[in-house]
Amino acid sequence: MATFLLFVFAFASQVIGGLNTKLLPPSYGNTITILSIDGGGIKGILPTVILEHLEKALKAKDENAVLADYFDVIAGTSTGGLIATMLATPNLKDASRPAFNASEIQKFYLDFGPSIFNQTSSANWTQETPSPKYDGEFLHNKVREILQGTRLHETLTNLVVPSFDIYRLHPVIFSSFKVEEDPYRDAKLADICIGTSAAPTQLPAYRFANGPHIWDFHIFNLIDGFLTANSPALLALTEVVQQLNKKNPSFIHVNENEPTKKIVLLSLGTGGNGESTIRIPADAANVIPAVTWPSLIALGLVVSAGDINEYHLKSVFPGLPSSDNYYLRIDEYNLDKSITADNVTKESMENIVKAGEELLKQTVKGIDVTSFDPKEKPSEGTNAEALERIADILYNEKQLRLKMKSMEKREQPFIEQMTSVHR
């Protein structure tokens, strides 16, 4: 009888303990879950409103829910990289919990946005000034304060943050999946965030060294990740596909006869408002001076990159909803023109919050990859309803993984169960 009670206690402890553990790897479930957050400066407030709604939907099912325990991968560029990192970095007082939830990140932007984009110190700045508009000191110090010395390998879930090296002229992808094969990428999260948010003309480029040994290091010269992928959804998906192709045991079924993993991707934008949109007829383009073209080309590349992302994602997510993969893109395509990446007036920031709240009420939209215009999808309902469906998927997937892990343990020899109790 005592042995039986000991076995029951061991099994119950595993189940109860599992309710508060980090997300088990996809090998125990059916679905790989990805969260992606765009860049956009202070407009990062917008996705925090969306994430707060998702968190509330999850907490209705699990009062201890945190997003890092429900997404296998969290990706972010620039301000999105800061949000992603704050969601995935462990709390300094309790390493099993994240440093911030969505509402706390929103408060971070509202409290510190005016200091990051200090309008007083930049009052005399012009396009001809030989320095960025903001010195970045407050942002750098604040990021180092909240993230301390935490490194990429220590995050609560897999993190993917792009940047661009202006010395080597190639993208730099700080990915949890690459840390083992490339230890130079296992940088401090503070350095990664500063690098990915170093928007040209706005914030200073960032140089730092990192490596496994003091005599073996790599020097990074980084600017904003938008040059690599302002919307990192496709980048995050590629990281996952690479793991599947490598047959990473954490991402594939042990039994190869089981069906292919499904993928759920939630991609959040920071709002588009045409603040830099320039429409040029072909005949007018023919008389534009050569010196003007570089800036126009850069603008075109940024806009085009987002559309091409959607074009490629369409091949993986052909329909919404799908019985296999599920892709939800939430963005405000008609944000008020007064709301810009560095407009940190109290009114502007409050308007971003309101825009996020209104966005939740809007019908789900998707980019038509023929016209590249957003089109409503009435069958999907509102963005809030779609997020609640995502919450159902995330919760059910986590429960499935806990169940499969529990079954795996029960299938161990009885003596192993008894031994594990006394360890």
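What covers the buried residues of α6? In this predicted model, the cover includes two helices, α3 (79-88) and α5 (137-147), together with the strands β3 (158-165), β4 (170-175), β5 (206-213) and β6 (216-223). Helix α6 itself runs over residues 189-196 and is mostly covered, with 8 of its 8 residues counted as buried. Leu189, Ala190, Asp191 and Ile192 are buried here, and Cys193, Ile194, Gly195 and Thr196 are buried as well.

It helps to set this helix within the chain as a whole. The protein chain holds 13 helices and 10 strands, and 48% of its 423 residues count as buried. Among contacts with a separation of 6 or more, 75% are between residues 24 or more positions apart.

Helix α11 offers another view of burial. Its 16 residues, 346-361, should span 22 Å at 1.5 Å a residue, and the C-alpha atoms at its ends are 23 Å apart, which agrees. The buried residues of α11 are Ser348, Met349, Ile352, Val353, Ala355, Gly356, Leu359 and Leu360. Seen down the helix axis, the buried residues of α11 fall within an arc of 155°, so they line one face of the helix. Lys346, Glu347 and Lys361 are exposed on the other side of α11. The buried residues of α11 are covered by elements including the helices α2 (45-59), α4 (102-116) and α12 (383-410), along with strand β8 (326-330).

Where, then, is empty space left? Rolling a probe the size of a water molecule over the atoms shows this. A search of the whole structure finds 1 cavity of 30 Å³ or more, and the volume of the largest cavity is about 30 Å³. Its lining brings together Arg329, Ile330, Asp331, Tyr333, Leu359, Gln362, Thr363, Lys365 and Asn383. One of these lining residues, Leu359, is also among the buried residues of α11. By class, the lining of the largest cavity divides into 3 nonpolar, 3 polar and 3 charged residues.

The second largest pocket contains about 480 Å³ of space. This pocket is lined by 24 residues, and those nearest its centre are Asn158, Ser176, Phe177, Ser250 and Phe251. One of these, Asn158, belongs to β3 (158-165), a strand that helps to cover α6. The lining of the second largest pocket comprises 11 nonpolar, 8 polar and 5 charged residues.

Note on methods:
Residues are numbered from 1 along each chain as its sequence is written. This is a predicted model: local features need pLDDT of at least 70, side-chain atom pairs count only at pLDDT 80 or more; totals for chains, interfaces and linings use all residues. Side-chain values use heavy atoms; hydrogens and water are left out. On a 1 Å grid over the protein atoms alone, a cavity is a set of points where a 1.4 Å probe fits but cannot get out, and a pocket is an open set with protein on both sides within 12 Å along at least five of seven lines; lining residues have an atom within 4 Å of a point. Grid points are joined across faces, edges and corners, and a volume is the space filled by probe spheres set on the points. Ala, Val, Leu, Ile, Met, Phe, Trp, Tyr, Cys and Pro count as nonpolar, Asp, Glu, Lys and Arg as charged, and the others, Gly among them, as polar. Helices (H or I, at least four residues) and strands (E, at least two) are DSSP runs, numbered from the N terminus. The expected span of a helix is 1.5 Å times one less than its number of residues. Buried means under 20% relative accessible area, exposed over 50%, partly exposed in between (1.4 Å probe, protein chains only). The arc is that of the directions from the helix axis to the C-beta atoms. Contact means heavy atoms within 4.5 Å.
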